[in-house]
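Here's a walk through this model, taken one piece at a time. Keep the structure open beside you and turn it as you read.

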Amino acid sequence: MGRKDISFVDLTNRVDCLDVLVNHNGAQKTLKFNPHWLRFNCQSDKSREPSTGQRTVPIKNVPTNLKIKSAVRDGDYIRIVWDESSNQSDSLISIKFLLNNSPSLNAIDFDKHYETPDNLCFFDYNEFIVNGNKNEDKIFDWMKYLAEYGLCIVKNVPNRENMIRNLVELIAPLEKTIYGEIFDVRVDVNPVNLAYSAAQLEFHNDLVYYESPPGIQFLHCLK
């Protein structure tokens, strides 16, 4: 479903950039699109595998100096013709997709990706499982908030060891790290890591040096 507060107005080919003029809540704004971003997000059958929708454009075949020859509106789509020297098939991208996925710094609501909530949101573990069944609506609300703000608290998780596994597995398998699947964070007299001290920790990301860092980390306060 597309956003109703944004509407397409016009487009301008800058050769090395495509400008899309939109109306956002009564004010006009220009969204900028890089040629390579447009090429790799092409939605035509020549650029996507029909049954999966996955991209089939080989990166090595797209020139570094990619230029736009022309760009015109074609119904609900924008049709892009690339410079002859690029040897690329025409690209077709829906206007709705462009309005909802602009990667430019002046994109609609770009700054809201970094907003913090006025109040930290609490969710109730007892609402995630009702009569032995997962409450998918409540779990979705939880995941949506976590995706938007990155931090929340789930209350009423039973105060027993390994109960955190039950919470995690409501949404995904528990991933093992060099510390195992679940490990204790305790205060040591002579800590080898700041995490094991009584010092207050700032917000931070753990294990960012991993090839695949943790997507979500769970901390269960037992005492």
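**Starting at a turn**

Let's begin with the hairpin of β2 and β3: there are two residues between the strands, and Asn25 takes a positive phi near 55° there. Before going further, bear in mind that this is a predicted model. Asn25 sits in the loop between β2 and β3, and its phi is positive although it is not a glycine. That is worth a second look, because most residues other than glycine have a negative phi. Is Asn25 buried or exposed? Its relative accessibility is 60%, so it counts as exposed.

Now follow the two strands away from that turn. β2 and β3 run antiparallel and are joined over seven bridges. Along the way, Val22 has Lys29 of β3 as its bridge partner, and Leu21 stands opposite Thr30 in β3. On its other side, Leu21 of β2 is also the bridge partner of Asp10. That brings in β1, which pairs with β2 in the antiparallel sense, again over seven bridges. The hairpin of β1 and β2 has four residues between the strands, and Val15 takes a positive phi near 70° in it.

Put together, these strands make an open sheet of three in the order β1-β2-β3, with antiparallel pairing. β1 and β3 are at the edges with a single partner strand each, so one side of each has no neighbour in the sheet. From one strand to the next, the twist averages 25°. As for β2, five of its seven residues are buried, so the rest of the structure largely encloses this strand.

**A second sheet**

There is another open sheet to look at, also described by three strands: β4-β5-β6, in that order and antiparallel. Here β4 and β6 are the edge strands, each pairing on one side only. Neighbouring strands are turned by 20° against each other on average, direction ignored.

β4 and β5 pair over six antiparallel bridges, one partnership being that of Asp74 with Tyr77 in β5. The two strands form a hairpin with two residues between them, and in the turn Gly75 has a positive phi of about 70°. On the other side of β5, four bridges join this strand to β6, running antiparallel; Ile78 has Ile93 of β6 as its bridge partner.

The loop between β5 and β6 holds Asn87. Like the asparagine we started from, Asn87 is not a glycine, yet has a positive phi of about 55°. At 70% relative accessibility, Asn87 counts as exposed.

**What sits inside**

Nonpolar side chains tend to be buried together in soluble globular proteins. Which residues have the most contacts inside the largest nonpolar core? They are Leu18, Phe33, Leu38, Ile78 and Ile80, in a core of 23 residues. The elements giving two or more residues to this core are β1, β2, β3, α1, β4, β5 and α2, so look for α1 at 35-40 and α2 at 95-100 as you trace the core.

Ile80 is a handy place to stand and look around. Setting aside neighbours within four places in sequence, Ile80 is in contact with Leu18, Leu38, Ile68, Ser70, Ala71, Asp90 and Ser91. A second, separate core has 13 residues, including Trp142, Cys152, Val154 and Met163.

**Along the helix α3**

Helix α3 covers residues 136-149, which is 14 residues. From its first C-alpha to its last it reaches 20 Å, close to the 20 Å expected at 1.5 Å a residue. Which residues of α3 are buried? Ile139, Trp142, Tyr145 and Leu146 are. Seen down the helix axis, the buried residues of α3 fall within an arc of 125°, so they line one face. The spacing helps make sense of this: an α-helix has 3.6 residues a turn, so residues three or four places apart point the same way.

Turn to the face away from the buried side and you'll find the exposed residues Asp137, Phe140 and Ala147. The cover over the buried residues of α3 includes β7, β9, β10 and α4. Just past the helix comes Gly150, whose phi is positive, near 80°.

Technical notes: Residues are numbered from 1 along each chain as its sequence is written. Side-chain values use heavy atoms; hydrogens and water are left out. A nonpolar core is a set of buried Ala, Val, Leu, Ile, Met, Phe, Trp, Tyr and Cys residues joined through side-chain atoms within 4.5 Å. Buried means under 20% relative accessible area, exposed over 50%, partly exposed in between (1.4 Å probe, protein chains only). Contact means heavy atoms within 4.5 Å. Two strands pair if DSSP finds at least two bridges between them. The expected span of a helix is 1.5 Å times one less than its number of residues. The arc is that of the directions from the helix axis to the C-beta atoms. Axes are lines fitted to C-alpha atoms, for helices over the stretch in contact, and angles run from 0 to 180 degrees between N-to-C directions.
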